[in-house]
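Dear colleague,

Here is the structure that I promised to hand over to you. Please keep it open beside this message while you read, since the notes that follow refer to it throughout.

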Amino acid sequence: MEVISSSTKAPFEQAFLKNLLLILQDRSSSTPFHAMSLHDRKLAVKSSADIAMAAARGGGARWPKAILPPATTVANSCKAQRCRRIIVRSKRLCGGNYKRKSSMVVVRRRTMALRKVVPGGDAIDMDEASLLREAMDYVVHLQAQVDVLRRVSEVVQAQSTSDLRCMAMVVIRDPGFVASIMLCKAGEESMDQDFDWFFDRSVREL
Amino acid sequence: MSSRRSRSRQSGSSRITDEQISDLVSKLQDLLPEARLRSNDRVPSSRVLQETCNYIRSLHREVDDLSERLSELLASSDMSSAQAAIIRSLLM
């Protein structure tokens, strides 16, 4: 089994987090979260998380393309000027590249359910071997997405309850995450250069 | 290489062997959390595929719940720049 070392996992999670913060910030600048309905708010966060995940994964698999419409990038999906940055991509979590087999369709009943849950799995030229590789890649990155979302929620929750002691504990565990969140909410004027500088600095400390 | 018969008789690089499939399936099995499959037992590949579907669906649900929780927190929290300064001083 290929071990996902922390050296390969961290870049994707950082890329995902950075994309997520960019998109969330952009969305809230056009409509503040508290002004949205419950349903719209949740959809906004979820779609931001999916776009951030797909953009961070990049072009080494097919499932990100199924999530992002063609010619959608983090830059394009952000209307604010600040968001037009280089999309943060990283190497895939599982090492190595794989060549896609030429279009031989091998349809088997037992893979039909899998095709439905993996984005892009129901493409006509997705043979079984490619589907299995896509599923593996997708599962690994889904796990990372869940992980990051959970930690982000913890940080925001700690901050919103104004419990500095709890915040300090989270900070000690994950300074990079907290730095990014805090700066994101600090105010728009100081955002731009501070964000990059602080983010990169925290990332180096990880 | 042993002479395993491939399912597909196409020429070129499109031949997908049973061995490749079962190798991919076992790698997939290793990704699933231990509670879902005992990884030292021989598990039929159809079971692995089924558990993978279940696992992906449960991960989707988790993302859903976390998105809801995060969206609630973002709506109600009110981050002032003073708090940001305090955190910055803790980190620096």
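**What was found**

Setting aside residues up to four places away in sequence, Leu132(A) touches Leu114(A) and, in chain B, Ile21(B), Leu24(B), Val25(B), Leu28(B) and Leu49(B). Please bear in mind that this is a predicted model, and that its confidence is discussed further below.

Leu132(A) belongs to a wider group, for it is one of the residues with the most contacts inside the largest nonpolar core, which has 61 residues. The others named alongside it are Phe16(A), Phe33(A), Leu114(A), Leu149(A), Leu28(B) and Ile56(B). Helices from both chains contribute, since α1, α2, α5 (112–117) and α6 (128–160) of chain A, together with α1 (18–31) and α2 of chain B, each supply at least two residues of this core. Which helix gives the largest share of this core? It is α6(A), from which 15 residues come.

Phe16(A) also takes part in one of the two aromatic pairs that the structure holds over all chains. Its partner is Phe12(A), and the two rings are stacked, with 6.3 Å from centre to centre and 5° between the planes. Both residues lie in helix α1 (residues 6–30) of chain A, where they are four residues apart, or about one turn of the helix. An α-helix has 3.6 residues a turn, so residues three or four places apart point the same way. Both Phe12(A) and Phe16(A) are buried.

The next helix of chain A, α2 (residues 38–57), lets you check a simple expectation: at 1.5 Å a residue, its 20 residues should span 28 Å, and the end C-alpha atoms are 29 Å apart, which agrees. Is this helix largely enclosed or largely open? Because 14 of its 20 residues are buried, α2(A) is largely enclosed by the rest of the structure. Just after α2(A), Gly58(A) takes a positive phi of about 80°.

Within helix α2 of chain A you will find Lys46(A), which counts as buried because its relative accessibility is 18%, and the cut-off for buried is under 20%. Leaving out residues up to four places away in sequence, Lys46(A) touches His60(B), Val63(B), Asp64(B) and Ser67(B).

Turning to chain B, you will see three helices and zero strands, and buried residues make up 39% of its 92 residues. Among the contacts in chain B with a separation of 6 or more, those between residues 24 or more positions apart account for 5%. Chain B exposes about 5600 Å², of which carbon and sulfur atoms supply 43%. Helix α2 (residues 45–76) of chain B holds Glu51(B), a buried residue with a relative accessible area of 9%. Apart from its neighbours within four places in sequence, Glu51(B) is in contact with Leu32(B), Arg36(B) and Leu37(B).

Finally, a word on confidence in chain A, where the mean pLDDT is 71 and 53% of the residues reach 70 or more. Confidence there is highest in α2(A), at a mean of 93, and lowest in helix α9 (residues 188–205), at 50. The pLDDT stays under 50 over residues 80–87 of chain A, although the model has 22 contacts beyond four places in sequence for them. It also stays under 50 over residues 95–107 of chain A, for which the model has 29 such contacts.

With best wishes

Methods:
Residues numbered from 1 in each chain as written. Chains lettered and ligands numbered in written order. Predicted model: local features only at pLDDT ≥ 70, side-chain atom pairs only at ≥ 80, totals over all residues. Heavy atoms only, no water. Expected span 1.5 Å × (residues − 1). Buried < 20%, exposed > 50% of the residue type's maximum accessible area, 1.4 Å probe, protein only. pLDDT = per-residue confidence, 0-100. Contact = heavy atoms within 4.5 Å. Areas by Shrake-Rupley, 256 points an atom, 1.4 Å probe, with all protein chains shown as cover. Phe/Tyr/Trp six-rings, centres within 6.5 Å; stacked < 30°, edge-to-face > 60°. Core = buried A, V, L, I, M, F, W, Y, C linked by side-chain atoms within 4.5 Å.
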